[in-house]
Amino acid sequence: MKMTLIGYGKMGHLIADVAKKRKHDIVATIDVFSEDASVRVPVGSGKAVAEAVEKSGAECVIDFSHPSAIIENIKAVLPTKIPMIVGTTGWNNEMTEIEKFAASCGGTIMASSNFSIGVNLFYKIIEEAVKLVKEFPEYDIATWEMHHNQKADSPSGTALEIAKRILSNDPVKKEIVTDAFHEKPKTEQLHVSSTRCGYTPGTHTVWFDSSADTIELTHRARSREGFALGAVIAAEKLLTCIKNHTIPTGKLYTMKDVF
């Protein structure tokens with residue numbers, strides 16, 4: 001497969017390495033600042049990004065750029081009809097808008113806050129755990145995440161996805177709270193706390209806590225390689241599904257739709 005990468009920082013370089021090991025061709029790397037990117041574009045220029053993507057001859061685009069640029073990138077690339085994998089986070093509030101935009105222009109996008117296979121297994125484990133624990137009102141639930149100090153958004157998209165899945169399976173929790181509490185929390189509030197420090201690639205923990213004991217579920221990434229591998233596999237599966245006509249184009253997909 002011919003791939004173009006938007007965002008050629010640490011993750012972009014790692015994705016390129018993983019893709020090459022899986023016999024794919026990286027036909028262009030697009031970035032604002034990276035000196036070794038094959039194409040340098042001005043800040044905020046979606047037009048320049050789209051032109052570089054089309055010129056590259058890519059069959060698929062993978063975007064791990066920056067929250068401040070992602071909406072502009074998506075709106076520029078989707079009309080090219082080249083399938084797009086998006087691992088950039090920090091745009092949850094615009095998901096509905098992008099879903100409508102994809103339908104209007106016929107572009108296909110697959111987005112995930114975390115493409116790691118392990119994290120997606122972790123989501124399923126959490127859902128099953130919540131279903132079991134909800135039968136015992138003695139247990140309260142909270143979640144926490146920690147990432148490196150270069151991460152641009154907080155809480156992480158993965159933490160918010162975990163929180164949404166807790167709310168979907170627990171009839172008590174109704175509201176996600178990401179700020180510090182300055183008063184006693186309400187029973188229906190789910191606290192999602194974050195820490196930014198050092199070089200941690202990503203740690204997520206869910207607590208089920210009672211007066212008698214605590215149950216902890218934790219996913220701890222050892223490196224970013226799992227995220228990169230998952231993104232490349234997602235690109236492979238999305239393009240295969242499109243070519244085989246097993247999914248329609250012009251839609252916004254998630255990991256659940258293809259895996």
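By contact I mean heavy atoms within 4.5 Å, and that is the sense in which I will say that one element covers another. What we are looking at is a predicted model, and I will go through it region by region, starting close to the N terminus.

Let me begin with helix H2, residues 46–56, whose buried residues are Gly46, Ala48, Val49, Ala50, Ala52, Val53 and Ser56. Which elements cover them? The cover includes two strands that I will come back to in a moment, E1 and E2, together with strand E3 (39–40), strand E4 (60–63) and helix H3. Directly after H2 comes glycine 57, and its phi is positive, near 75 degrees.

Now to the two strands I mentioned. Strand E1, residues 2–6, has four of its five residues buried, so this strand is largely enclosed by the rest of the structure. Its partner is strand E2, residues 25–31, and the two pair in the parallel sense over five bridges; to give you one position to look at, methionine 3 has isoleucine 26 of E2 as its bridge partner.

The next topic is helix packing, and I have two pairs to show. Helix H1, residues 10–21, packs against H7 at an angle of about 60 degrees, the axes being 9 Å apart, and because of that angle H1 counts as oblique to H7. The crossing of these two helices is right-handed. On the H1 side the residues that meet H7 are Met11, Leu14, Ile15, Val18 and Ala19, and on the H7 side they are Glu225, Phe227, Ala228, Leu229 and Val232. Sorted by class, this contact has nine nonpolar residues, no polar ones and one charged residue.

The second pair is helix H3, residues 70–77, with helix H4, residues 95–105, where the packing angle is about 10 degrees and the axes lie 10 Å apart. Since angles under 35 degrees count as roughly parallel, H3 is roughly parallel to H4. This crossing, too, is right-handed. The contact is made by Ile71, Ile74 and Lys75 of H3 and by Glu97, Ile98 and Phe101 of H4, and by class these residues divide into four nonpolar, no polar and two charged.

Let me turn to the sheet further along the chain. In what order do its five strands lie? The order is E8-E9-E7-E10-E11, in an open sheet with mixed pairing. At the edges are strand E8 (175–177) and strand E11 (214–220), each of which pairs on one side only, and the twist from one strand to the next averages 20 degrees. Within this sheet, strand E7, residues 140–147, and strand E10, residues 203–209, run antiparallel and are joined by seven bridges; one position to look at here is tryptophan 144, whose bridge partner in E10 is threonine 205. Lying across E10 and E11 is helix H5, residues 117–133, which runs at about 165 degrees to E11.

That leaves the loops, where a few residues deserve individual attention. In the loop between E7 and helix H6 (157–169) we find proline 155, and the peptide bond that joins serine 154 to proline 155 is cis, with omega at about -5 degrees.

Two residues other than glycine have a phi that I would point out. Lysine 81, placed in the loop between H3 and E5, has a positive phi near 70 degrees. Histidine 245 also has a positive phi, near 60 degrees, and its place is in the loop between helix H7 (225–243) and strand E12 (252–253). Is histidine 245 buried or exposed? Its relative accessible area is 71%, and therefore histidine 245 is exposed.

Finally, asparagine 92, which is found in the loop between strand E5 (84–86) and H4. Its relative accessibility is 29%, which means that asparagine 92 counts as partly exposed. If we leave aside its neighbours within four places in sequence, asparagine 92 is in contact with Leu160 and Lys164. With respect to serine 211, asparagine 92 is 119 residues away in sequence and, from C-alpha to C-alpha, 35 Å away in space.

How values were computed
Residues are numbered from 1 along each chain as its sequence is written. This is a predicted model: local features need pLDDT of at least 70, side-chain atom pairs count only at pLDDT 80 or more; totals for chains, interfaces and linings use all residues. Side-chain values use heavy atoms; hydrogens and water are left out. Axes are lines fitted to C-alpha atoms, for helices over the stretch in contact, and angles run from 0 to 180 degrees between N-to-C directions. Angles under 35 degrees count as roughly parallel, over 145 as roughly antiparallel, 65 to 115 as roughly perpendicular and the rest as oblique. A crossing is left-handed if the near helix is turned anticlockwise from the far one by less than a right angle, and right-handed if clockwise. Ala, Val, Leu, Ile, Met, Phe, Trp, Tyr, Cys and Pro count as nonpolar, Asp, Glu, Lys and Arg as charged, and the others, Gly among them, as polar. Two strands pair if DSSP finds at least two bridges between them. Buried means under 20% relative accessible area, exposed over 50%, partly exposed in between (1.4 Å probe, protein chains only).
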